[in-house]
Structures are given as structure tokens and as C-alpha cells.
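Let's take a friendly walk through a protein structure together. Keep the 3D view open and look up each part as it comes along.

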Amino acid sequence: MAGLDYWLADARRGQETRFLKRFAPTHWTVNFPRPMMASVVTTGPDSLRVDAVFYGSGDLAGLIWDAVDGWSHPLLAYETARDFRDCVLRFRWRSGGVRKLDETHGPTLTIEGRDASGVARAWYVRLWNYASGGPEDAEILLDFAGLEGGYLLPDESDPVWAGDIDRMFISLVPPAYDAGATPFAVAQEGWAELTEMRCDGAGSVLVVGDVMLPEHGLGIATGYDDCFNQTPQRVVEAIHALGYRGAINHYVGMSHYFRLERVGDGLYVSLTGGALNAPCAAWHRDFAAQARRLGFDVIWSLSYELFDAHCWNDWKQRAGNGDPALTGWVPPSTLLSPAHGGAMGYLQAVALAFVSIGLAAELPIRFQVGEPWWWVMPADGRICLYDDAARAAFGGSPVAIPDVRGELDAAQCALLDQAGALLAASTAALCAAVKAAVPGAVTHLLAYLPTILDPQAPEAKRANMPLGWAAPAFDVLQLEDYDWVTEGRPARTAQGVALATTRLGYPVAQQHYLSGFVLLGSQAAQWREIVAAAQASVARGTAATFLWALPQVCRDGLTLFRRDGEDAMQAFDDVVFPLGIGREASVSPAFSTQIVESPSGHERRSSDWADARLSFDAGPGVRSEADIATLIAFFRARRGAARGFRFADPYDDRSGAPGSVPGPLDQRLGMGDGVRTSFQLMRHYGVGAEAQGRIITRPVAGTIRVAADGGEMSSGWRHAGLGVIAFDEAPADGVLLTAGFRFDVPVRFAEDRIDINRATFAAGEAPSVPLVEIRE
């Protein structure tokens with residue numbers, strides 16, 4: 001794969017577009033309050049279906065059309081057009097299990113926007129007032145130039161001004177809806193279909209992005225909890241248009257897939273009637289079909305994480321004092337105990353439900369156990385091994401581990417080993433259930449390295465990266481480490497991947513890597529580190545590399561592409577140009593400066609390059625026919641200008657004065673901030689703010705010396721490659737880092753041809769052997 005680069009698109013600027021009919025089925029969304037669930041899928045080019053499940057008399061789902069496309073990638077979004085007055089929408093309405101068109105609180109089109117004077121307000125348009133047919137099967141015609149809100153017309157008419165609309169939604173409520181809070185004894189399912197959809201009029205057409213980015217070699221990860229509100233067709237087509245290929249790593253989620261049953265005042269996950277609620281099952285059937293249509297596989301990812309409010313209390317992992325394992329999400333999720341048979345049996349049933357959907361779509365079955373672990377309380381290091389089922393599995397009275405961080409005694413380590421064995425047995429049973437249903441299924445384990453390899457808790461891996469996971473327990477080992485990536489700690493990534501590889505024994509060809517994600521839009525600068533980590537994964541030969549996740553990619557406009565030309569990652573041979581020849585070379589540093597001269601002779605100068613680019617001529621060093629033979633052999637091995645190599649600049653090859661031994665205080669490396677662990681070697685020319693900085697990417701092995709606040713460091717750092725010094729721990733805030741080193745210049749032959757004439761050479765004329773510096 002060529003070098004990977006990106007940009008963050010905030011809008012289209014000349015990219016391809018097409019036309020989209022307003023109210024296209026693909027671009028409707030749904031929304032609803034917990035605990036009810038709903039989904040929308042396309043059922044044809046002019047039709048859609050909404051499925052919903054209601055748990056109380058106040059539940060309401062909205063089928064939404066937004067004037068502003070807030071879900072698509074900016075290059076794929078439809079234009080903002082708030083004026084709907086020149087639109088006429090027609091569709092056939094059919095429904096069941098929801099309030100009927102002719103009833104109070106029946107399907108209503110709520111329009112939110114501003115009136116003609118700019119005052120914000122909403123209108124409520126009863127669809128029955130514009131229907132022809134029956135209360136559950138009717139033709140609807142909505143002319144936005146003459147719509148009237150109100151229940152009874154004309155007595156309660158409230159004319160709609162549709163010239164400045166933000167959004168509109170059709171409400172779906174259960175038959176027993178009363179806008180109250182009465183719980184239903186059992187869940188109620190409902191549905192509605194809009195077919196034969198047609199929008200006419202001068203305002204019926206929108207401009208929409210029609211980009212198709214070239215394949216860039218990465219896959220995408222996404223999750224149902226993040227995109228349940230959109231149609232699967234929209235989601236999968238966006239993935240394809242943005243250049244992702246291979247498998248979609250799809251997290252089935254922890255808060256939207258389950259069925260619920262009522263016990264007292266609570267709702268708890270249930271297998272009654274099946275593992276998946278009807279909206280989730282409908283969405284995923286279409287998702288699998290859309291993925292297959294566009295040539296994607298699906299990795300079905302299921303974790304041990306579950307929405308806390310609906311989790312049975314005895315299923316939860318717990319700390320020694322009984323506190324449940326709760327994540328930092330709001331509202332929180334919890335972690336299922338690997339020791340609880342009911343919890344693990346539930347996960348197996350859920351896994352088989354999703355596997356069945358994949359089989360029905362004729363997809364190859366790829367199943368992932370996602371981030372299974374014993375939860376460690378982030379605030380104080382308590383590990384949650386003490387739920388009743390776990391206590392029983394560990395003999396009834398397991399030793400206390402007040403803080404898994406730091407030094408533990410033999411009994412505590414033995415308990416962690418027991419916990420690891422139990423965790424491994426539970427994941428093995430989950431995968432065995434999948435393989436019993438589909439013998440050819442490919443199993444994956446996703447491990448989150450910053451937690452299970454926390455350097456402050458060196459023994460935690462006994463429980464959370466058990467040896468029972470070692471190859472061939474799974475077919476593929478998947479690794480992710482987005483905290484390290486977004487904090488700029490590539491050294492931690494390299495160490496974590498190496499440790500996981502050594503401990504579990506999966507070769508890189510059986511590994512996947514998930515890079516990302518960016519939690520907040522205000523943190524979009526983190527994509528730089530994420531893309532770099534993905535590129536590093538590809539470079540080390542990982543079988544597949546994914547970005548996590550699609551919603552953040554779309555939100556921030558992440559646009560990936562392969563670099564071509566000299567600025568791309570080019571072939572490089574880490575060998576030195578023959579020293580005897582290069583010692584006599586001439587050198588020519590060059591800048592690029594734009595100079596504009598006025599008629600009066602004044603100049604305006606603009607420097608295009610931050611650093612000089614060097615050119616060499618190694619011809620003067622060719623002194624004998626043996627040198628010629630050496631040069632030609634080296635030239636052929638580099639395939640002319642195709643491959644780069646190291647060149648020892650005879651005039652400037654070290655951090656200090658010419659001829660001096662490099663010292664650890666020679667050059668400024670950077671200033672610690674308590675977070676950053678990687679720093680680039682630099683060679684500075686001049687002093688103070690006017691000093692010109694040169695990036696050093698090819699230091700000479702064994703010559704680097706590093707100091708912190710003037711004290712040389714003999715350990716705690718390493719050269720991570722390309723002149724990057726990676727510290728094991730982030731240097732403290734305010735610590736001055738310096739370094740000394742010798743270095744080579746990355747160069748290539750400037751031409752694909754060398755001309756050497758025996759006669760002129762014998763007469764004392766040196767050949768020309770031009771070399772040019774490579775930017776890295």
C-alpha cells in the first residue's frame with residue numbers, strides 16, 4: 001500500500017454531485033426515547049419501513065426528515081434547503097400495531113421551523129386530514145404550499161408556512177398511547193410502511209454529493225449503537241463511497257439490540273420471543289443484505305458490555321465491596337461476569353441470532369468476541385472479580401485485591417491466573433457455540449491494549465490477557481489502542497503489539513489492527529495520529545487495518561487517499577553509499593524562494609521550503625576502475641533512481657561541531673508535557689528564534705545519546721525509526737530534552753542513467769554522479 005494521507009472535508013469544493021429527490025427513502029432517520037426501540041430500512045427505491053417496540057403508554061417514535069444533513073460525510077451530504085413550499089409529497093401509508101390514522105394521537109407530521117416573520121414554532125399536521133382510504137391503508141398527499149395544522153379542519157386550522165423549516169417527523173405511538181408513564185406488562189410491537197413515495201414540484205430536487213473515493217486499503221469499523229437511526233443502505237453506501245473495502249467490523253452494540261421483559265418496576269434483557277428486538281433484527285437483516293450487495297463481509301462483534309439499566313443484577317461483575325462494574329458512559333454500561341452461566345448463555349444466544357442473519361444473507365461468518373475483560377475501576381484500581389458467581393468459582397472466599405496496580409503477592413497473582421482461565425473458558429465457549437452452528441466460522445478476539453497492558457498494573461494481564469487465548473484459540477487476533485494513539489504514544493503501541501504477539505503467539509498475518517477513534521469533534525486534530533498508526537499497522541504487515549469508527553469519520557469529514565509522487569512513502573534500502581567514493585563528493589544546499597521585485601527595486605521574498613534540500617555529486621570520489629565497478633553495482637542494485645539509500649555527507653554528518661564526538665546536550669529534542677512520548681531528532685542551524693531546523697530521519701545506529709534536564713539517560717528510551725525518539729514514559733511537564741547523534745542523508749540517484757567513458761576517465765575527467773535528497 002502506498003503512503004496514506006488524509007484531509008478533513010468540511011464541505012464540497014468542486015467534487016462530483018448528483019440529484020436526490022427530497023424525501024428519498026434512504027435519507028430518513030428515526031429517533032425515540034429509551035427504553036423503546038425503532039429502526040428504519042429501505043424496502044425499495046421508493047419505499048421504507050419503520051419497526052418499533054413500545055414498553056409504556058408514553059413511548060413515541062419519530063420518522064424524521066432533516067432540512068440539514070447532519071449524518072452524512074460532507075462530501076456525500078445533501079444540500080441544505082429549508083424552503084418546502086414548492087414540494088408535493090405523495091405516498092401510500094400502511095401500518096399495524098400503532099395508533100391508526102383516524103384516531104387521536106394518530107400519525108402526525110410535526111413540522112419545526114419559523115413562521116414568515118422568523119419566529120420559531122411548530123405545526124402539527126394530522127395525516128388523516130390528507131388521506132384517502134382506510135385508517136391503516138391510505139394514500140397521503142401533502143402539498144406544502146397549502147398545508148394546515150390542527151386536529152379538525154377547518155375549525156381548528158393552523159396554516160403552515162413551509163418556507164423556513166428545520167425538520168419534520170411523523171409520529172408513531174402504541175395503540176394505548178396517552179402521553180403518560182403507564183408501563184406495559186409486555187412489549188408491544190408496531191410498524192409502518194411508506195411506499196410509492198413521490199415528491200414533485202420545483203423544490204423537490206436536492207444536490208447531493210456523488211464522490212467515489214479510490215480504494216485506500218483500509219477497512220471500517222462501526223457500531224449499531226451509533227448508526228441505528230439511519231437506514232442500512234445509507235450507511236453501507238457511504239462506507240463504499242469513502243473507499244473502504246474488505247470486511248466491515250460491526251459492533252452489534254450494548255444498548256439497542258436486546259429484548260426486554262418487565263419485572264416489577266424494571267425492564268431486563270430477555271430471550272422471550274428471541275434474542276433480538278424486532279427493529280434491531282429488521283435493521284440487521286437489511287444491513288447484511290446491503291453489505292453483500294456491495295461486496296463487503298461483516299465481522300459480527302459482540303462484547304461483554306451491556307446497558308446497565310437493563311442488566312440483571314446478578315450478571316454484573318462487582319468489586320470486593322459489591323460495587324458493580326460501570327463504565328464512564330452516560331448513562332453507564334456494565335460488564336457481564338464470565339462466571340455467570342446465565343449471562344454467558346445469553347451472550348451465546350445473541351451471537352447465534354446475529355450469525356443466523358449473516359447466514360440468511362449468504363455472508364461468510366466472521367465472529368468477534370469484543371474486548372472481554374474483568375473490569376478495573378479507573379479511579380482506584382479495584383478489579384471486579386467478586387460477584388457471587390465469581391466468588392463461587394474461585395472457592396468461595398477469594399483473596400482481596402484492593403488495587404491491581406503495583407506489586408501483588410503470590411496469592412493475589414494466583415487469583416488473577418484463575419480469573420484469566422475463567423475468562424478464557426468463557427470466550428472459548430462463546431466461539432464454540434458459533435462454530436457448532438457454522439463449522440467454517442472465522443473467530444476473532446479484540447483486545448484493548450491500554451487497559452489490559454497498563455504499565456501501572458503489570459500483573460493484570462494474568463486476568464485480562466490469559467494464556468488460554470494463545471493461538472490457536474482464535475483464528476484472528478485483533479488489537480486496538482486508541483488511547484495510546486490519540487495521546488501520541490507510538491512507542492507504547494509498538495511495545496503493546498510486540499508483547500501481545502509474544503504472549504499469545506499470533507503471527508502478524510493473523511492479526512488485525514483497529515486505529516482510532518476521535519471522541520469529540522473538537523479533537524479532530526487526533527486524526528493525524530490515527531492515520532499514522534493505521535499506516536504503521538500496514539507497514540508491519542498486519543492482515544487488515546480498520547478505522548474506528550464511521551460516525552466520527554463522517555462527523556469530521558475524514559477523507560483518506562494514497563499518496564503518489566515523490567512525497568509518498570518510497571522504496572528505501574537502508575544501506576550506505578560506498579564511503580570511499582562519497583568522501584570526495586561536492587554538496588549543494590538549495591532553498592526555493594519566490595522573489596517579486598517592484599519597479600523601484602524593492603523586493604518581496606517568500607520562502608517555499610522550511611529546510612534546504614541537498615544535492616550531491618559523488619563523481620569526484622571515483623578514482624579507479626575498481627571504484628567504477630563498485631558504483632555501477634550499487635547503481636544497479638538501487639534500480640537507478642527507484643530506490644533511496646543513505647549518504648554520508650562529508651561536510652555535515654553530526655549534531656555538534658565537525659569532527660567532534662556527539663554529546664547528549666548537542667541539540668534540543670523538545671520539552672516534556674507529561675503526555676507526549678515521542679520526539680523527532682532535529683539539527684538546528686543558527687541560534688534563537690531565527691534558527692533553521694532540519695529534521696533528521698536517518699541517524700547512525702549506536703551514536704544517539706539522550707539527556708533530560710542535562711542528565712544523560714542510559715535507558716528508558718529507544719529509536720523508533722525515522723529519527724523518532726520514543727520514551728517508555730512521558731517526560732514530565734517542563735523537562736528539557738536534548739540529544740546528540742551522527743546522521744546520514746536519505747538520497748536517491750538523480751537520474752536513471754550514469755555516463756562513464758573509459759577514455760575521458762583515464763585522462764583525468766571525473767564522471768558526474770548526481771544524487772538528490774529525499775524528503776521523509
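This report visits a barrel of strands, some helices, a few aromatic rings and three single residues. Keep in mind that the model is predicted.

**The barrel**

Start with the strands. Eight of them form a closed barrel, in the order β17-β18-β21-β24-β25-β26-β27-β28, and the pairing is parallel. From one strand to the next, the twist averages 25°.

Strand β17 is a good place to look closer. It covers residues 219-223, and 5 of its 5 residues are buried, so the strand is largely enclosed by the rest of the structure. In a regular strand, side chains alternate between the two faces of the sheet. What covers the faces of β17, and which residues lie on each side? Gly 219, Ala 221 and Gly 223 sit on one side, Ile 220 and Thr 222 sit on the other, and all of these are buried, which leaves both faces covered.

Now find the partners of β17. With β28 (residues 544-548) the strand pairs in the parallel sense over 3 bridges, and Ala 221 has Trp 548 as its bridge partner there. With β18 (residues 247-251) there are 4 bridges, again running parallel, and Ile 220 stands opposite Ile 248.

Elsewhere in the barrel, β24 (residues 366-370) and β25 (residues 442-448) run parallel and are joined by 5 bridges. In this pair, Phe 367 stands opposite Thr 443. Helix α10 (residues 490-504) packs on the sheet, where it touches β26 (476-480) and β27 (511-515). The direction of α10 makes about 155° with that of β26.

**Two helices that cross**

Next, look for helix α4 (residues 341-360) and helix α6 (residues 410-437). Their axes come within 10 Å and cross at roughly 35°, and the crossing is right-handed. On the α4 side, the contact is made by Met 344, Leu 347, Gln 348, Ala 351, Leu 352 and Val 355. On the α6 side, the residues are Ser 426, Ala 429, Leu 430, Ala 433, Val 434 and Ala 437. Which classes of residue make up this contact of α4 with α6? There are 10 nonpolar residues, 2 polar ones and no charged ones.

**Aromatic rings**

The count of aromatic pairs in the model comes to 33. A pair of aromatic rings is described by the distance of the centres and the angle of the planes. Here are two of the pairs:

| Pair | Type | Centre to centre | Angle between planes |
|---|---|---|---|
| Phe 23 and Trp 65 | tilted | 5.5 Å | 55° |
| Phe 287 and Trp 300 | edge-to-face | 6.4 Å | 75° |

The pair of Phe 23 and Trp 65 links distant parts of the chain, 42 residues apart. Phe 23 is in the loop between β2 (17-21) and β3 (29-31), while Trp 65 is in strand β6 (residues 61-66). Phe 23 is buried at a relative accessible area of 2%, and Trp 65 is buried at 1%.

The other pair joins helix α3, which holds Phe 287, to strand β21 (residues 297-303), which holds Trp 300; the two residues are 13 apart. Are these two buried or exposed? Phe 287 is buried with a relative accessible area of 0%, and Trp 300 is buried with 1%. Both rings also belong to a cluster linked by ring pairs, whose members include Phe 32, Tyr 224, Trp 283 and Phe 354.

**Three residues to find**

Ala 282 lies in helix α3 (residues 278-293). With a relative accessible area of 11%, Ala 282 is buried because that value is under 20%. Leaving aside neighbours within four places in sequence, Ala 282 is in contact with Ser 39, Val 41 and Asp 51. Its C-alpha atom is separated by 9.3 Å from that of Arg 49, although the two are 233 residues apart along the chain.

Arg 234 lies in helix α2 (residues 232-241) and counts as buried at 7% relative accessibility. Not counting residues up to four places away in sequence, Arg 234 touches several others, among them Thr 26, Asp 69, Trp 71 and Tyr 78.

Arg 698 lies in the loop between β39 (692-695) and β40 (705-708), and is buried with a relative accessible area of 13%. Beyond its neighbours within four places in sequence, Arg 698 has contacts including Phe 572, Asp 574, Asp 744 and Glu 776.

Key:
Residues are numbered from 1 along each chain as its sequence is written. This is a predicted model: local features need pLDDT of at least 70, side-chain atom pairs count only at pLDDT 80 or more; totals for chains, interfaces and linings use all residues. Side-chain values use heavy atoms; hydrogens and water are left out. Buried means under 20% relative accessible area, exposed over 50%, partly exposed in between (1.4 Å probe, protein chains only). Contact means heavy atoms within 4.5 Å. Axes are lines fitted to C-alpha atoms, for helices over the stretch in contact, and angles run from 0 to 180 degrees between N-to-C directions. A crossing is left-handed if the near helix is turned anticlockwise from the far one by less than a right angle, and right-handed if clockwise. Ala, Val, Leu, Ile, Met, Phe, Trp, Tyr, Cys and Pro count as nonpolar, Asp, Glu, Lys and Arg as charged, and the others, Gly among them, as polar. Two strands pair if DSSP finds at least two bridges between them. Rings of Phe, Tyr and Trp (its six-membered ring) pair if their centres lie within 6.5 Å; planes under 30 degrees apart count as stacked, over 60 as edge-to-face and the rest as tilted.
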